[in-house]
Amino acid sequence: MQTSEASELVAPHLTAGQSSRDQYRQTLSRFPTGVTVITARHPAGAVHGITANAFMALSLYPPLVAVSVAAGAKVEGAFIASEAFGLT
């Protein structure tokens, strides 16, 4: 992937008039496959993360994505206890 393509994937060109739903749809459309990093902060403060080769869009409204974490994985407790997670 060339640098210009990578920057478009991270920050796709969006116009000021686009709704968050349009932005969400456009962002997801620019990630056909690859590796993503998913992180969560445990309420005790520790940050945990995993890499995944897939995630999927569940809904445009509300904007939802799904990732799967194996039962018993070291990060499972952090993801369950966290109120939110980050996807890069």
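**Strands, hairpins and surface of a predicted model**

Lys74 lies in the loop that links strand E4 to helix H3 (76–81). The model described here is predicted. Lys74 has a relative accessibility of 86% and therefore counts as exposed, the cut-off being over 50%. Gly49 is 25 residues away from Lys74 along the chain. In space, the C-alpha atoms of Lys74 and Gly49 are separated by 9.7 Å.

The protein chain as a whole gives the setting for this loop. Its secondary structure consists of three helices and five strands. Read from the N terminus, the order of elements is α-α-β-β-β-β-α-β. The chain has 88 residues, and 16% of them are buried. Its accessible surface comes to about 6,400 Å². Carbon and sulfur atoms account for 57% of that surface. Contacts between residues at least 6 apart in sequence were also examined. Of these, 45% join residues at least 24 apart.

Three of the strands form an open sheet. Their order is E2-E1-E5, and the pairing is antiparallel. E2 and E5 stand at the edges, and each has a single partner strand, so one side of each lacks a neighbour in the sheet. Direction ignored, neighbouring strands of this sheet are turned by 20° against each other on average.

Strand E1 covers residues 36–41. Its side chains alternate between two faces. Thr36, Ile38 and Ala40 point to one face and are buried. Val37, Thr39 and Arg41 point to the other face and are not buried. This follows a general pattern: in a regular strand, side chains alternate between the two faces of the sheet.

E1 pairs with strand E2 (residues 47–52) through six bridges, and the two run antiparallel. Within this pairing, Thr39 has Gly49 of E2 as its bridge partner. Gly49 is also the residue whose C-alpha atom is separated from that of Lys74 by 9.7 Å. Ala40, in turn, is bridged to His48 of E2. E1 and E2 form a hairpin with five residues between them. Gly45 sits in the turn and has a positive phi of about 110°.

On its other pairing, E1 meets strand E5 (residues 85–87). Three bridges join E1 and E5, again in the antiparallel sense. Ala40 takes part here too, with Phe85 of E5 as its bridge partner. Ala40 thus has a bridge partner in E2, His48, and another in E5, Phe85. The side chain of Ala40 is among the buried ones of E1.

A second hairpin is made by E3 and E4, with four residues between them. Strand E3 spans residues 56–59, and strand E4 spans residues 64–66. They pair in the antiparallel sense over three bridges. In this pairing, Ala57 stands opposite Val65 of E4.

A nonpolar surface patch is made by Met56, Leu58 and Leu64. The patch measures about 290 Å². Met56 and Leu58 fall within the residue range of E3, and Leu64 is placed in E4. Leu64 counts as partly exposed because its relative accessibility is 40%, which lies between the limits of 20% and 50%.

Notes:
Residues numbered from 1 in each chain as written. Predicted model: local features only at pLDDT ≥ 70, side-chain atom pairs only at ≥ 80, totals over all residues. Heavy atoms only, no water. Pairing = 2+ DSSP bridges. Buried < 20%, exposed > 50% of the residue type's maximum accessible area, 1.4 Å probe, protein only. Patch = residues over 30% accessible without salt bridge, like charges linked within 9 Å, V, L, I, M, F, W, Y side chains within 5 Å. Areas by Shrake-Rupley, 256 points an atom, 1.4 Å probe, with all protein chains shown as cover. Salt bridge = Lys/Arg side-chain N within 4 Å of Asp/Glu carboxyl O. Contact = heavy atoms within 4.5 Å. Axes fitted to C-alpha atoms, helices over the stretch in contact; angles between N-to-C directions.
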